[in-house]
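Before reading on, please look through the chain from its N terminus and find where nonpolar side chains gather. The paragraphs below begin there and then move outward.

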Amino acid sequence: MCQKHCVACNDLFISRANVPNQSFCSKPHCQRERRRRWQRKKLKEDADYRANQAAAQKRWRERNPDYWCRYRQSHPEYTARNREQQRQRNRNRDRTTTSPSPPVIAKMDEYFVEMRVLSGSLRYPAWIAKR
């Protein structure tokens, strides 16, 4: 057993003899940080893990389609704060663009472009073809 500094909180702790490479102490927030770092690394490096996580999230969203609607209804302070933050982002974006119309804002998981290949040619939706 030896004393080490925790990577998360920098406090001294006594490492367990059976875990020679222990670098996090046993405090709950340090253990959360350890798991968070592990998951971030795993998502970055392991394509199968990434795919499994995406599939699990998709299944959860399908089982709970109205979750965010109910959450916003029961947390009005969250909704108000989010709206104000979005107004600020819009103001910042408007200052940086020269376009006369405000930019379109869409959630990434709901934004998709339907493209079909018909008889060897690529066909775009009408709103893209007009650009």
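**The core and its surroundings**

In this predicted model, the largest nonpolar core is made up of five residues, namely Cys6, Phe13, Phe24, Cys25 and Cys30. In soluble globular proteins, nonpolar side chains tend to be buried together. Which residues surround Cys6, once its neighbours within four places in sequence are left aside? Cys6 is then in contact with Asp11, Phe13, Ser23, Phe24, Cys25 and Cys30, and four of the names in that list, Phe13, Phe24, Cys25 and Cys30, also belong to the core.

Phe13, another member of the core, has its place in strand β2, which covers residues 12-14. Is Phe13 buried or exposed? Its relative accessible area is 9%, and because buried means under 20%, Phe13 counts as buried. When residues up to four places away in sequence are not counted, Phe13 touches Cys2, Gln3, Lys4, His5 and Cys6 on the one hand, and Gln22, Ser23, Phe24 and Cys25 on the other. With Cys25 the separation is twelve residues in sequence, while the C-alpha atoms of Phe13 and Cys25 lie 6.0 Å apart in space.

Between β1 (3-5) and β2 runs a loop that holds Asn10. Asn10 has a positive phi of about 65 degrees, although Asn10 is not a glycine. With a relative accessible area of 52%, Asn10 is exposed, whereas Phe13 in the strand β2 is buried.

The next step leads into helix α1, which spans residues 28-45. Arg32 lies in this helix and is partly exposed, its relative accessible area being 43%. Arg32 and Ala8 are 24 residues apart in sequence, and from C-alpha to C-alpha they are 9.6 Å apart in space. Arg34 also lies in helix α1, and at 36% relative accessibility Arg34 likewise counts as partly exposed. For Arg34 and Ser23, a separation of eleven residues in sequence goes with a distance of 9.0 Å between their C-alpha atoms.

Helix α1 also packs against helix α2 (residues 47-63). Two packed helices are described by the angle between their axes and the distance between the axes. How are α1 and α2 oriented to each other? Their angle is about 110 degrees and their axes are 6 Å apart; since angles of 65 to 115 degrees count as roughly perpendicular, α1 and α2 are therefore roughly perpendicular to each other. From α1, the contact is made by Trp38, Gln39, Lys42, Leu43, Lys44 and Glu45, and from α2 by Ala47, Tyr49, Arg50 and Gln53. By residue type, this contact of α1 with α2 divides into four nonpolar, two polar and four charged residues.

**The chain as a whole**

Stepping back, the chain has five helices and four strands, and from the N terminus on its elements run β-β-α-α-α-α-β-β-α. Of the 131 residues in the chain, buried residues make up 9%. The accessible surface of the chain comes to about 11,700 Å², with 52% of this surface belonging to carbon and sulfur atoms. Among the contacts between residues at least 6 apart in sequence, 5% join residues that are at least 24 apart.

Terms used
Residues are numbered from 1 along each chain as its sequence is written. This is a predicted model: local features need pLDDT of at least 70, side-chain atom pairs count only at pLDDT 80 or more; totals for chains, interfaces and linings use all residues. Side-chain values use heavy atoms; hydrogens and water are left out. Helices (H or I, at least four residues) and strands (E, at least two) are DSSP runs, numbered from the N terminus. Buried means under 20% relative accessible area, exposed over 50%, partly exposed in between (1.4 Å probe, protein chains only). Contact means heavy atoms within 4.5 Å. Accessible areas come from the Shrake-Rupley method with a 1.4 Å probe; for residues, only the protein chains shown count as cover. A nonpolar core is a set of buried Ala, Val, Leu, Ile, Met, Phe, Trp, Tyr and Cys residues joined through side-chain atoms within 4.5 Å. Axes are lines fitted to C-alpha atoms, for helices over the stretch in contact, and angles run from 0 to 180 degrees between N-to-C directions. Angles under 35 degrees count as roughly parallel, over 145 as roughly antiparallel, 65 to 115 as roughly perpendicular and the rest as oblique. Ala, Val, Leu, Ile, Met, Phe, Trp, Tyr, Cys and Pro count as nonpolar, Asp, Glu, Lys and Arg as charged, and the others, Gly among them, as polar.
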